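I opened this notebook to record what I looked up in one structure, going from single side chains to the contact between chains. The entries follow the order in which I checked things.

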There are 2 protein chains.
Amino acid sequence: MSKDPKIPDATIERISLYSRPLELLLSGGTMVVSSERLAELCEVNPAQVRKDLSYFGEFGVRGIGYGVRDLLVEIKKILVSDREWRMAIVGLGNMGMALVQHENFNKRGYRFVVAFDPDPGKVGSELPNGLVIRALKELPFLIEELEVEVGVIATQPGQAQTVAEILIAAGIKAILNCSPIQIRQQESCLVENVDFTVNLDNLAYHLGKKD
Amino acid sequence: MSKDPKIPDATIERISLYSRPLELLLSGGTMVVSSERLAELCEVNPAQVRKDLSYFGEFGVRGIGYGVRDLLVEIKKILVSDREWRMAIVGLGNMGMALVQHENFNKRGYRFVVAFDPDPGKVGSELPNGLVIRALKELPFLIEELEVEVGVIATQPGQAQTVAEILIAAGIKAILNCSPIQIRQQESCLVENVDFTVNLDNLAYHLGKKD
């Protein structure tokens, strides 16, 4: 499997998107899918599908298509999502509560194993998934003890940068930031900032073109 | 201003991302930024910044850089985000509540003007932003009356497709779907599906490479 660092991030994101309709096709009993059909389901062009997959080797049979199950297994290997990732969430406001109950995480192997909140009033409460909210001061110990690899930040914006630094100091190497401010990037940690307004800008751009 | 339909979606997304550090620079009093510095702040390469902006005309002064305020104004024009977009939210669970309180929406001109929930028990409650939750049966009338352009879906997954169809029947041309299922695309409506696991897959891929 190629791990060429020159593979564009956009390709990685599309590869991840390709897996969504493949899961649906598989659960519906479809065995084979053409690059044209897969492209249509993902709203990209077929040449893009073939190019993205070509970074990782030879898939599919010319004139027939891709085996749905095989392609899904390969994509999960490429994305290293064929295993469980252990996650901590910090911040159990509305966003945090939405995230811990989000059914796609568990389904795709992303499992919250511990939850923290900076608010002492929330510490000790039990979440719908059975986790009990822990205090921030327990974070360094619990991150190590529970072998957490990914930190998810859903705090108030004013707390997000501090929480990121606490997570990084505790050894976390990847952060999904769902707070509305951008976390400053650090050498030692990958940060993905979730920003809904990027999606809205994309809609606005295309709506604007229609006028 | 070019409205060439061949401009890649990835370019539109990056243009949107470029505006984030520009806003910070402007509020910090910085007048000029080089493509190198802007690229560094956005974690892309400088050639990418120049290429993306070149789709839309000539910006900046060779050897000096971009005027921060001018570039921000131009980007907002390109993205048609130099105006207010009126939005409806459907579904006021944890995700919906997080969205209506999300400070980036208003800041970038995306304004919730009406809120709906399929649960009759929630109808009539007031939200922190002052809106009162309305019943779904009022949706067609209110969407037209309030000139809503964008629908945001944050319902339970089982309700999302039905809600999308109600929004589209009411004349909505753009949907941001924050529920955990993908909405089937429709001819007459743009749909952006927010999927946090795409961001997690991207982190997992890069973490996996480090092992």
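**Entry 1, a pair within one helix.** I began with Arg37(B), which at 38% relative accessibility counts as partly exposed; for the whole notebook I take buried as under 20% relative accessible area, exposed as over 50%, and partly exposed as in between, with a 1.4 Å probe and protein chains only. I noted that this is a predicted model, in which local features need pLDDT of at least 70 and side-chain atom pairs count only at pLDDT 80 or more, while totals for chains, interfaces and linings use all residues. Residues are numbered from 1 along each chain as its sequence is written, chains are lettered from A and ligands numbered from 1 in the order in which they are written, and side-chain values use heavy atoms, with hydrogens and water left out.

I found that Arg37(B) and Glu40(B) meet through their side chains in a salt bridge of 3.1 Å, N to O, the term standing for a side-chain nitrogen of Lys or Arg within 4 Å of a carboxyl oxygen of Asp or Glu. Both residues lie in helix α2 (residues 35–42) of chain B, 3 residues apart, about one turn of the helix; helices (H or I, at least four residues) and strands (E, at least two) are DSSP runs, numbered from the N terminus. Glu40(B) is exposed, with a relative accessible area of 53%.

**Entry 2, another salt bridge in chain B.** I then looked at Glu138(B) and Arg134(B), whose closest N and O atoms are 3.0 Å apart in a salt bridge. Glu138(B) is partly exposed at 25% relative accessible area, and Arg134(B) is partly exposed at 30%.

**Entry 3, a pair across the chains.** Is the salt bridge partner pair Asp195(B) and Arg108(A) buried or exposed? I found both residues buried, with a salt bridge of 3.9 Å, N to O, between their side chains. The pair crosses between chains, from Asp195(B) in the loop between β8 (190–193) and α9 of chain B to Arg108(A) in the loop between α6 and β4 (110–117) of chain A.

I also followed Thr197(B), which sits in helix α9 (residues 196–210) of chain B and is buried, with a relative accessible area of 0%. Its side chain makes a polar contact of 2.5 Å with the side chain of Asp195(B), and a polar contact of 3.0 Å joins the side chains of Thr197(B) and Arg108(A). By polar contact I mean a pair of N or O atoms within 3.5 Å, where within protein one must be able to donate a hydrogen and the other to accept it, and residues adjacent in sequence count only if both atoms are side-chain atoms. Not counting residues up to four places away in sequence, Thr197(B) touches Ser16(A), Arg20(A), Asn104(A), Phe105(A), Arg108(A) and Tyr110(A), contact meaning heavy atoms within 4.5 Å.

**Entry 4, the interface as a whole.** I read the contact as taking 64 residues from chain A and 64 residues from chain B. Because 100% of the interface residues of chain A are also interface residues in chain B, the copies meet through the same surface. The two chains bury about 5900 Å² between them, 64% of it on carbon and sulfur atoms, where buried area is the accessible area (1.4 Å probe) that two parts lose on being put together, summed over both. Between chain A and chain B I noted 6 salt bridges, and 18 residue pairs in polar contact, both residues at pLDDT 80 or more. α9(A) gives the most to the side of chain A that touches chain B, with 15 residues.

**Entry 5, how the copies are related.** A rotation of 180 degrees with 0.0 Å of shift along its axis superposes chain A on chain B, at an RMSD of 0.0 Å, by least squares on the C-alpha atoms of residues with pLDDT of at least 70 in both. That is the relation of a two-fold axis. In chain A, the C-alpha nearest the axis belongs to Asn94(A), 2.3 Å from it.

**Entry 6, the nonpolar core.** The largest nonpolar core has 58 residues, and those with the most contacts inside it are Leu99(A) and Leu99(B); such a core is a set of buried Ala, Val, Leu, Ile, Met, Phe, Trp, Tyr and Cys residues joined through side-chain atoms within 4.5 Å. Leaving aside neighbours within four places in sequence, I found Leu99(B) in contact with residues including Phe196(A), Ile89(B) and Phe105(B).
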